[in-house]
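Open the model in a viewer and keep the sequence panel visible. The stops below say what to select and what to look for.

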Amino acid sequence: MDKREAAEDMVKAVKVLQRFYRLKKYRWFDMGRRINPVQLPQHPGDEQIPVGIQPGRDPATAWHNALRVSSNQALSQGENRLSAALSHLSEVGRFAAACRAAAVLAVHEVLLHPYGMDSEKHSKHHGPDSPREVDGNFKPPQLVTKDDPLWPLVRPRFDGDRVYIHDSIVLTVIGGNTQDRSQEFAWRLYQQDVKGFQALADAIYSCTYQDMDVSFWALPVAVLVDYLGFRVLCRPQILAVGDPPAELVLGPFAEAEVAYGAPGDLPELWREATTSMAAAQKEQDTNPVAYPGDSAESRWRQQLQSRSKAQFASLVLHEWDRRHPELRQELAAMAAELGLQGYPVCLISDLPKPLASTSLLRLRSHSIPGSSDPDNPEGEELHFRSPAEVLPPEINLDPKPTDSRIVDPVKRMRREALWSLSVPPLPPTHAVTAAANTGQRVSSDALKELSKRAQQELPQQVLDRISSEGPPLDSRGWTEVLHASGVNIRHMSRVAALASASAAASLQREALARSVKWLLRKRLWKKKPWAPVAPQVVEEVHVGPERTASLEVLKVFNLVLGSGADSEEFWEQQLVPEASRRFNFTVKQLQRHHVKAHALFQAMEHHCRVKFELDAVKRPFFKPGFPNPLKEEDLALFSSSTLQHHFPHLTAVKVHWSRRLQHYDAVDEETRQIRDHMLKEPSFQGFCPELRIICARGEEWSAAVSAPTKHTRENRWDRVFQVLQLQLTLTRAIGDSCGAVGSILQGIAVALLEMAKQKVEKPETADEIDEIATAMLSSGPKADKKCLKKTLWAADAAAKMLPSTISAWWAHLAAMEAEWLLDKKVEAHARVQRLQADWDRFCPDQPVLMLRLEGTAARLYAQQGDWASAAMHTERCCALAERAFGRTHNATVALRARLGDAWSRREDWDKAIAAYQEAYSVAQVSSDEKTTGRLAFELAQVLHFKGDLTGAKGYAEDAVKLLIPLDVGRSDGDLSGTSFEALMLLSRVYEDLCVRFLELHETEQAAVSPAQLQALITKAIKCFETVLKNLPASEQVARHAGTMSRAAQIVESVLRLKVMGLGDSEYSVLVDAVEELLLHAASASETTSSLQRAISQTRGVRQLQPRAETRAVAEAALRPVSSTVSLEVPEKLMELFEEVAKEALINHIPPSSWFDRMVHVVAAGFAGPPVPGDPTYLATIQMLELCRFFGNAARVIMCASSEG
């Protein structure tokens, strides 16, 4: 599937999701309600253990019937499909809750009878007198032995597995092969079965969108439970005693030779082909013209005669296709969804011979609801069995000397990897056949290419995901990120090799924690009842198996987290070598002094499926003198409200088990000796059942999971909130873990906070924006208080669901900001202190988390206008970013610039300049012209504010040189905002330099010649006129009456500079014109206000003067007004500036050209007596106004030129 098709599918899924949301209207956080916090969506199995056996259901297959009915409704194409999908997930959630309770009871049955498949002792304890049912409700899990009639229907993979039946649920306690005790291989193989079930369930569900009839197909449903060191696979019981045996429709050739199948199925075709080929060969030897005719049977037999053994299997499969055209089409659609060649079954397996592989079975049961369907009168149902080899295997590209295998059948590619790499269809096993229409060498090459691409490309995709979505917060987050990118956990060292130091440290910690998990399992697998054939130790018998497991957990945890010689030996000889072997880290990378003890404790707690009390994390780990920091009382009892979410049916399970013990019969001497230990009620301490639910979750679920990322990028937080509500509903319906629910609540808290901040009324005009910004700086932003209170509730709920403060980091940040905006500053400061303390304890090697905290604090202080505090937190952000990303990273440079901005707003120019200069120097080294230009602009601006015009000039010129070419090279050629402001700043700097030089010239301190000053004026004018040429339309009009537009302000600066640059000849012409006006002022009937004001403000002037005195009066009239007069721009000059700016923008006449034209008009002189309407008269008056307003610059220049 290419990117375009994937995008179209996503659009379709989002539309379906929106319809689903509008239909159901799930509003668990309805903003219209009162402020009191609402409850989480109810899960069907929260209050009591769900029961599958109901009136109207077959007791043997009750759960299968219920799930079949709900899945049929979910697979229908009717208008109520969306509601049916949610109902199906709710039914799966009820089944999962029942499986969790049944698995716990089954494990305790194993602990109570640690005899494995010993039928003699089993009969003693499960004989006719053993309790079967009490009060019509209680029925303990029943062990199924080889003598049981159910054994052929529920046979497990390995002889060490133990199978129980409880409430029509088949519970397989994984034990492995008792001959070589390869329990790890058994666990991994069952895990591949689970992955295959999930892939097939999704494929079948997806095929319904292709208008394919899947009414005969059963959606796979299973639950994998980890508890007390055991792993239990729970599946609904499909067949009852007396039902017809399963028929093999399609599967491995080796099994087809001996399996049972209906006519037309692979076993019958295989045997028929074998018999026919032998008969045909015999007949060919005696009668060469045998089997005349043109029937399909005749043609098939004739083809069998001419085929070699290598083509035999292909011919049989071709015949199977001919006899099952509809089924072949459906299987082809599923194979396309899975990215497989041929069929979604295994024809030749990579597994050892005794182990079954992926097969397609047909079941006929009287208890199947579809048996009354006229289209399915026999109640046929198609099931996939043991789908361990659905996904392509991973080729061992670098085999170790001790491992000569090219393919390990329990190491396979992930579906996410196939999606990410967009690979063509591949065979499901390395041992491909002619049925796949390809040779083994070609298939091996395709699998090798896939493994090589996965090794090279997928680790970078993990880092890209982390960069866009943020770092994972805990072990669960790392697992999700790696799996979502298609990377198997065993390859995390490839990701660590490319990741930052903090991410590599997290992955190394994950490797150690997972290695502790396997070391703990190996310790338990050496004991009974975890290994059925393990020797019975007398001491452990008296201690009891549950407490034995608890003591083993404490021993391993103390060896890892304690101190002393034993702990160091355990690290050196067991833990580090195990982690290096499994995850390919070097021994040096896994040394103890590199690891954060408290973070490792939480990772071990997660992976070992153990829960400790909340204050256990405060124990002195890695401290000398504390070899055993953890005690038995530190294990959690699940009695608190916080931990009750992890095991909601604990009380009910305890009641069930107490009834079981009340009816226990000690029937032999061995049992009587340990009776007191056995009849003690289990403590249920420390071990919490962890579920993995396998079912088809549908397009609605996929859209609900993927849509928040899309809406977040678009800043549509209301949509994010709606989708997360739906996701919460679906997650609660199916009964996902507390971590999954807490993660969604954390996202809801963030979405609610952003929604609260977006509800500020947006101003309509630019001036209102400035007013709002000023208000924000003084009192902070105004947010919706109701939404903020909802944010606090969601964040606190997420913190209770998630295992630690670090796991709920984003929720705590959202709560802190909400408290701040609600003016709960004390609570916000207290939360910040708690977060800082937990960060120091758990993850000081993860600076990104503290970076987000300090960045949020800096932003809040900046909104309040406390720039000193904002700068302090921003400075911490710079140090953290340098640790996390390096000194030259863009984020570090941006934070340095933000620090400079904070100090500049506080007007601490020296610190601001230092921050900007450091960022500028780093950007120069990285050769990022755009960033360097922007920082040069910011630095020039700060230097300009400080008054260092020389320094500002250099950086402003650098900014213009770097930014302008980048904008000119674009397709539109327009200047960006930063380029425009940089050019404007450079113009202002040139202008202020000219003024400064003139001021210094008056005090005889100037070190610049008039020629240099004239050149500087010319450069400033060119810059201003370039700015005016590229001025945006919004800046060309005045914002308010009585103010000038930006264009007029630029014209004012240009004319000021032109007045500064008046030469001797130009100045003499202007004095002559003013003198002539003065001489004719008395005789004129009207004298302009400008001339009257000039005469009245010139002391000792009479209207009739001698020639010399009149010239002195003219020169005095050109001087500026006294300092006591306001420097505001007169209204007449404002009109002049606006008029000149308009002419420049419309007619493209620069202001400097207008000024030169006016000087030329004045120099032309009066054609007659000066009259107000004469052009020379008007030009002279305008020049007089400009000179009087801008000052005596011309006089200074003229004097300097004369002296030169």
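Two strands count as paired if DSSP finds at least two bridges between them. Helices (H or I, at least four residues) and strands (E, at least two) are DSSP runs, numbered from the N terminus.

This is a predicted model, in which local features need pLDDT of at least 70 and side-chain atom pairs count only at pLDDT 80 or more, while totals for chains, interfaces and linings use all residues. Residues are numbered from 1 along each chain as its sequence is written, and side-chain values use heavy atoms, with hydrogens and water left out.

**Whole chain**

Start with everything shown as a cartoon. The protein chain has 47 helices and eleven strands. Of its 1204 residues, 53% count as buried (under 20% relative accessible area; exposed is over 50% and partly exposed lies in between, with a 1.4 Å probe and protein chains only). Contact means heavy atoms within 4.5 Å. Among contacts between residues at least 6 apart in sequence, 71% join residues at least 24 apart.

**The six-stranded sheet**

Select residues 162–166 and 169–173, which are strand 2 and strand 3. These two strands pair in the antiparallel sense over five bridges. Colour His-166 and Ile-169: Ile-169, in strand 3, is the bridge partner of His-166.

Next add strand 5, residues 230–236. Strand 3 and strand 5 run antiparallel and are joined by five bridges, with Val-173 partnered by Val-232 of strand 5. Is strand 5 buried or exposed? Six of its seven residues are buried, so strand 5 is largely enclosed by the rest of the structure.

Now add strand 4, residues 222–227. Five bridges join strand 4 to strand 5, again antiparallel, and Leu-224 has Leu-233 in strand 5 as its bridge partner. Strand 4 and strand 5 form a hairpin with two residues between them, and Leu-228 in the turn has a positive phi of about 55°.

Widen the selection to the open sheet of six strands, whose order is 1-2-3-5-4-11 with antiparallel pairing. Strand 1 (142–144) and strand 11 (690–694) are the edge strands, each pairing on one side only. From one strand to the next the twist averages 25°.

Add helix 6, residues 183–207. Helix 6 lies across strand 3, strand 4, strand 5 and strand 11, and runs at about 45° to strand 11. Here and below, axes are lines fitted to C-alpha atoms, for helices over the stretch in contact, and angles run from 0 to 180 degrees between N-to-C directions.

**Gln-746 and its helix**

Select Gln-746, which is found in helix 27 (residues 738–758). Gln-746 is buried, with a relative accessible area of 7%. Leaving out residues up to four places away in sequence, Gln-746 touches Leu-473, Ala-798, Leu-802, Ser-807, Ala-808, Trp-809, Trp-810 and Ala-811.

Show helix 30 (residues 809–821) as well: helix 27 packs against helix 30 at an angle of about 30°, with the axes 8 Å apart. The two helices are therefore roughly parallel (angles under 35 degrees; over 145 is roughly antiparallel, 65 to 115 roughly perpendicular and the rest oblique).

**Helices 44 and 46**

Finish with helix 44 (residues 1131–1147) and helix 46 (residues 1175–1190), which pack at an angle of about 110° with axes 11 Å apart. Helix 44 and helix 46 are therefore roughly perpendicular to each other. Show side chains for Leu-1133, Leu-1136 and Phe-1137 of helix 44, which make the contact with Gln-1182, Glu-1185, Leu-1186, Phe-1189 and Phe-1190 of helix 46.
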